[in-house]
Amino acid sequence: MDLSNYSLPELRRLAAKVETEIRRRSDTTRRNLLKRVQKMAAEEGLTLDDLLETPAATPETKAAPKGTGRRAGAKKTKAAPVVKYRNPANPEQGWSGHGRRPQWVLDWLAQGKAMDELAV
């Protein structure tokens, strides 16, 4: 497929369509696989919860805790996510720029608009 004849907005629309199709096929594959695994578990008299349960730790399987370099009992705190982009249509919606792009970002790009316009 020769993409050199496409304009930038056309390429962005194409990219959004590809993202949507990948997400749709991934969801379909995930659902089909889940059904197959449920069927296999049921044939053995189990449920998915039975398969996903972690076995109870026994004294033989417990490993000695390793030092983490932090004080004993100190809890690690997680920093609040930094919002780098905001939805101009709904300022309550933000995105850090990491992970999968939200649908409003894909729609924005499909309109041929630049990501820089969403920057906070």
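In which helix do Arg24 and Glu21 both lie, and how many residues apart are they? In the predicted model described here, both residues belong to helix α1, where they are three residues apart, or about one turn of the helix. Their side chains meet in a salt bridge with an N to O distance of 2.4 Å. An α-helix has 3.6 residues a turn, so residues three or four places apart point the same way.

A second salt bridge, at 2.7 Å from N to O, brings together the side chains of Arg25 and Glu21, which also both lie in α1 but are four residues apart, again about one turn of the helix. Glu21, Arg24 and Arg25 are accordingly linked in a network of salt bridges. With regard to solvent accessibility, Glu21 is partly exposed at a relative accessible area of 27%, and Arg24 is likewise partly exposed at 46%, whereas Arg25 counts as exposed at 55%. Further along the helix, the side chains of Arg30 and Asp27 form a salt bridge of 3.0 Å, N to O, and these two residues of α1 are three positions apart, about one turn. Arg30 counts as exposed, with a relative accessibility of 51%, while Asp27, at 30%, counts as partly exposed. The count of salt bridges comes to three.

Arg23, which is found in the same helix α1, spanning residues 8-43, presents another situation. The residue is buried yet has no salt bridge, and the nearest side chain of opposite charge, that of Glu19, is 4.7 Å away; because a salt bridge requires a side-chain nitrogen within 4 Å of a carboxyl oxygen, this separation does not qualify. Apart from its neighbours within four places in sequence, Arg23 is in contact with Arg100, Gln103 and Leu106.

As to the overall arrangement, the protein contains three helices and two strands, which follow the pattern α-α-β-β-α along the sequence. Of its 120 residues, 13% count as buried, and among contacts with a separation of 6 or more, 36% are between residues 24 or more positions apart. Strand β1 (residues 85-87) and strand β2 (residues 90-95) pair in the antiparallel sense over three bridges; the two strands are joined by a hairpin through two residues, and Asn87 has Asn90 of β2 as its bridge partner.

Helix α3 (residues 103-110) is largely enclosed by the rest of the structure, because six of its eight residues are buried. These buried residues are Trp104, Val105, Leu106, Trp108, Leu109 and Ala110, and what covers them includes α1, β1 and β2. One of these buried residues, Leu106, is also among the contacts of Arg23. Another, Trp108, has Lys113 lying over the face of its ring, at 4.4 Å from the ring centre.

Just after α3, Gly112 takes a positive phi of about 85 degrees. The C-alpha atom of Gly112 is separated by 9.6 Å from that of Ser7, although the two residues are 105 residues apart along the chain. Ser7 lies in the segment before α1 and is partly exposed, with a relative accessible area of 33%.

Key
Residues are numbered from 1 along each chain as its sequence is written. This is a predicted model: local features need pLDDT of at least 70, side-chain atom pairs count only at pLDDT 80 or more; totals for chains, interfaces and linings use all residues. Side-chain values use heavy atoms; hydrogens and water are left out. A charge sits over a ring if NZ of Lys or CZ of Arg is within 6 Å of the ring centre and within 35 degrees of the ring normal. Buried means under 20% relative accessible area, exposed over 50%, partly exposed in between (1.4 Å probe, protein chains only). Lys and Arg count as positive and Asp and Glu as negative; His and the chain ends are not counted. Contact means heavy atoms within 4.5 Å. Two strands pair if DSSP finds at least two bridges between them.
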